[in-house]
Amino acid sequence: MLRVSQIKVSIDDSIEVLEDKLVKHLNIKKSDLIEYKIFKQSIDARRRGKLEFVYTVDVALKDEQAILDKKVPNVMVAPNLNYEYPEMGTDKLNGRPVVVGFGPSGMFSALILAEMGYRPVIFERGGNVEERVHSVEAFWKEGILDPNSNVQFGEGGAGTFSDGKLTTRVKDLRGRKVLDAFVEAGAPEDILYTAHPHIGTDLLREVVKNIREKIISLGGEIYFNTRVTDFLIEDGQLKGVKASNGMTVETEHAIVGIGHSARDTFYKLYDRGVHMDAKPFAVGVRVEHPQTLIDKSQYKEFAGHPKLGAAEYRLTHQASNGRGVYTFCMCPGGLVVPSSSEKGRLVTNGMSEHARAE
Ligand SMILES: Cc1cc2nc3c(=O)[nH]c(=O)nc-3n(C[C@H](O)[C@H](O)[C@H](O)COP(=O)(O)OP(=O)(O)OC[C@H]3O[C@@H](n4cnc5c(N)ncnc54)[C@H](O)[C@@H]3O)c2cc1C
């Protein structure tokens, strides 16, 4: 497989033009192209009166070496993106591994463990996604907060009632495994190649449910509405976890993926002598603009074109005191929603549906 970048297709052209441009760029016959798939798609709207989609495409050719020998610009061997599972241990485990929290970190830890045959036991203090929709609605409509099942706590974690955008700001090949798992669970395939992949809260709820069902089908066990209340530690070694449903699971391995708001659990871990490092954090505010304003500013005369979604932007600034100020977590075509998980505290979040058309 070769990876060809910087293939530009005008917004007015059909996607079939991509293949013609690819063949032309590589200077090959159409019959020499076995197959191709889009690896990345971004938008170039920098020039007035012109808007192009810029593609990076993975291609299988009859003679790939010939293209490499000719040193055709913007061509490289496509890196292998297949996820490599960590090596299996050889010691017998004392008990099944426990995963605390079923947000993105807990969910993917549990998925990998289940795929590798470890049959994890998972505890999530909030409800499953179907129940959670009701507790969130009760909060938004009537102001009734359930401190265990809310916009931040429950199946899928803090990102479920959010934008469903898949941004990590890190270049890690394992990110591909996450995207593949989402597509397998029903997310739209374009998340595999769009520059800013986005699922939307409406589709994400189904995707999260399907991942849960896969984990269960592989032997995992999930307890919702069940908070881990204590960690049994002897001589610095974990021996088990206690849960609010009365269960005690004997285990020497727990992955604690509890997000940033479960203060009660952080205190418990601290009391039990678990080492903790304070982490720097960024403080942000939510700003709401009319979407039409952003579309006009980014896409100019192309604003509202059916091939373009809601536009977004990214700004950064280095202040004179050395601090960085930056925009993050934009939710184009979305809403600002109240997202508290504790009584008396105010948290806001951005949320949008797949169509980004609020
Ligand atoms: C207010 C807010 C707004 C955000 N907005 C966005 C956004 O718009 N777009 C975006 O892409 N990202 C957003 N993020 C970031 C994103 O949600 C997080 O990066 C992501 O959810 C972190 O995943 P996680 O699994 O580490 O933690 P979380 O998603 O927080 O999941 C932790 C899970 O652990 C559970 N838990 C906690 N304690 C226990 C316990 N003792 N026992 C059992 N279960 C427990 C919780 O119920 C929760 O479900 C936002 C985060 C917050 C807090």
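Author: Strands are DSSP runs of E, at least two residues long, and are numbered from the N terminus. Helices are runs of H or I, at least four residues long. The model discussed here is predicted.

Reader: Which element gives the largest share of the shell around the ligand?

Author: The shell is counted by element. The top contribution is three residues. These come from β15.

Reader: How many residues surround the ligand?

Author: Start with the closest ones: Glu124, Ala158, Thr265, Cys329 and Asn349. The shell divides into 11 nonpolar, 16 polar and five charged residues. The full count around the ligand is 32.

Reader: Which residue has a side-chain N or O atom 2.4 Å from a nitrogen atom of the ligand?

Author: Two other polar pairs use the backbone. Glycine 154 has a polar backbone atom 3.0 Å from a ligand oxygen. For alanine 158, the corresponding distance to a ligand oxygen is 2.7 Å. The side-chain pair with a ligand nitrogen, at 2.4 Å, belongs to asparagine 349.

Reader: What percentage of the ligand's exposed area does the protein bury?

Author: Take the ligand alone. It then exposes 990 Å². With the protein in place, the buried part of that area is 82%.

Reader: Which elements give two or more residues to the shell around the ligand?

Author: One is a helix and one is a strand. The helix covers 104-115, and the strand covers 348-351. They are α3 and β15.

Reader: Between which domains does the ligand lie?

Author: The assignment gives domain 1 (2-77), domain 2 (98-271) and domain 3 (291-351). Two of these both give residues to the shell, so the ligand lies between domain 2 and domain 3.

Reader: How many residues of domain 1 are in contact with domain 3?

Author: The centres of these domains, over C-alpha atoms, are 31 Å apart. On the domain 3 side, eight residues take part in the contact. On the domain 1 side, the number is 11.

Reader: At roughly what angle do α4 and α6 cross?

Author: Helix α4 spans 129-142 and helix α6 spans 201-217. Their axes come within 10 Å. The crossing angle is roughly 145 degrees.

Reader: Which residues of α6 make that contact?

Author: The contact residues divide into two nonpolar, no polar and four charged. Helix α4 supplies Val129, Glu130 and Val133. Helix α6 supplies Arg205, Lys209 and Arg212.

Technical notes:
Residues are numbered from 1 along each chain as its sequence is written. This is a predicted model: local features need pLDDT of at least 70, side-chain atom pairs count only at pLDDT 80 or more; totals for chains, interfaces and linings use all residues. Side-chain values use heavy atoms; hydrogens and water are left out. Axes are lines fitted to C-alpha atoms, for helices over the stretch in contact, and angles run from 0 to 180 degrees between N-to-C directions. Contact means heavy atoms within 4.5 Å. Ala, Val, Leu, Ile, Met, Phe, Trp, Tyr, Cys and Pro count as nonpolar, Asp, Glu, Lys and Arg as charged, and the others, Gly among them, as polar. A residue is near a molecule or strand if one of its heavy atoms lies within 4 Å of it. A polar contact is a pair of N or O atoms within 3.5 Å; within protein, one must be able to donate a hydrogen and the other to accept it, and residues adjacent in sequence count only if both atoms are side-chain atoms. Accessible areas come from the Shrake-Rupley method with a 1.4 Å probe; for residues, only the protein chains shown count as cover. Domain bounds come from an automatic or database domain assignment.
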